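Trainee: I am new to this structure. Could you show me how to read a sheet and a pocket?

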Amino acid sequence: MNDDPPVSEQVPPGPSGLPLIGNTRQLASNRLSFMTESAREYGDVVKIDFARGQDFYALFHPDHVRHVLVENNEQYVKGEFFQNRLELLGTGLLNAEGETWREQRHQIEPAFHPDRIAGYGETMVDFSDRLLDRWDTPEVPNVHEDMMALTLEIVADALFGVDIRDAETDVGDALGTVMEHFRRQTGRPVDIPEWLPISDNRQYRSARETLDRVVADIVAERRDGEDAGDVVSMLLRTEMDAETIRDQVLTLLLAGHETTAQSLTFTSYLLATHPEVGRRVQAELEDVLAGQPPTVTDLADLPYLERVVRESMRLYPPVPGIVREPTTDDEIGGYRVPEGTTVTMSQWVIHRDPRFYDNPLAFDPERWARTGRDDRRPFAYFPFGGGPRRCVGDRFALLEARLVLARLLQSARFETVPETTLDLSPAITLRPAGGLDLRVVSRE
């Protein structure tokens, strides 16, 4: 006898769409605004018609996020929607499921142990000094491009023990192509097969070939060199086959620098548009560091810097949404969620919800001093996801963001210029469309 309670048959409300293409046009036009307006008009569970009857459910309440990511996490997988669009990562940690994922997580976690992460601090500061040297010019830099290059250099050196500077332009261009390909896919009412020889597909295949070549070079360098205790050497000691190692290295290379680069970019923009916050950060740095380079142990004495980073990731979450699919029928908020339905949880919307944040659109680092870390409703803030599949590199990313900013702001401040604009391009991550030009002014 089945004692499970019956699953509701009620379907959530949602915006009307056009025949065949559903809400695809609205998503493609401005996904962030469309999701925000849908939450405001239809509530915490919204049915959105992607195209051709392919519905997905958008969740806009922290309790529903906790239900999916924590309470019922074994019932939810990444699913076809996510994996089809990130198939270039193969069966790496981001895509793997079940026992395969658990084994991979167990193999990767030692690289992100707190003691080991602390050892990466000096590398992060040294590479920040290199960026300051590049900025010693009257030209206005594209800060987004520079942050992408910086975090790529750091992750390649820290995790893989390689100098990737010769390939960083190729990797940056390839990753940009991949993100644009994903954005276009999401905005199309039908999936276009990858084998069709259209321009977008040709560019995407070329980008994949570039990333495969870079990863192959990294693995070959570590296979032929001494075991330096890096992640690739660690993977080579396992029973992973060559293709799985490739998938893991590519996943760590891309995910390990992409989100931190976005966080640093948006924080730089917020500091440029809120100079009083920048001045307070720099005063804290002067008081604690007295001109010396920051170290991992210094971070505990830099609480305002941490609040700035946390608040930046609230307003501009590097990943604006998380996707899952239930493996069996479920019920959320009184609505039936059929097996295989794509479920998306929006950091962008929840992080800006006035139910959970006073004056939610304001950049207010001090809100974290008033509320603390743990007394807010769980999952009203989840830039790194949550539950068993919370980002394995979250400590690495937070350490890197704070150390890099501390070092940069010791020597410089950010200012807007007349051509500074912040147009957003949401894909897998949230990026500034067309980059971000800011003036970097020396404090000397």
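Mentor: Gladly! Keep in mind that this is a predicted model. Let us begin with an open sheet: its five strands follow the order β1-β2-β7-β4-β3, and the pairing is mixed.

Trainee: Which strands stand at the edges of the sheet?

Mentor: Those are β1 (45–49) and β3 (76–77). Each has a single partner strand, so one of its sides is left without a neighbour in the sheet.

Trainee: What packs on this sheet?

Mentor: Helix α1, residues 24–42, packs on it and touches β1, β2 (55–59) and β7. The direction of α1 makes about 155° with that of β1.

Trainee: And how do strands pair?

Mentor: In general, strands of a sheet pair through backbone hydrogen bonds, in either a parallel or an antiparallel way. Here, β4 (residues 322–326) and β7 (residues 342–345) run antiparallel and are joined by three bridges. Take Ile322: its bridge partner in β7 is Met345.

Trainee: Now the pocket, please. What is the volume of the second largest pocket?

Mentor: It is about 420 Å³. The second largest pocket is lined by 19 residues, and the closest to its centre are His144, Glu145, Met148, Gly172 and Asp173.

Trainee: Which elements give two or more residues to that lining?

Mentor: They are α7 (143–160), α8 (168–186) and β10 (430–432). The most comes from α7, which gives six residues.

Trainee: How many residues of each class are in the lining?

Mentor: The lining of the second largest pocket has eight polar, six charged and five nonpolar residues.

Technical notes. Residues numbered from 1 in each chain as written. Predicted model: local features only at pLDDT ≥ 70, side-chain atom pairs only at ≥ 80, totals over all residues. Heavy atoms only, no water. 1 Å grid on protein atoms, 1.4 Å probe; cavity = no way out; pocket = protein on both sides within 12 Å on 5 of 7 lines; lining within 4 Å. Points joined across faces, edges and corners; volume = space filled by probe spheres on them. Helix = DSSP H or I, 4+ residues; strand = E, 2+ residues; numbered from the N terminus. Nonpolar A, V, L, I, M, F, W, Y, C, P; charged D, E, K, R; others polar. Pairing = 2+ DSSP bridges. Contact = heavy atoms within 4.5 Å. Axes fitted to C-alpha atoms, helices over the stretch in contact; angles between N-to-C directions.
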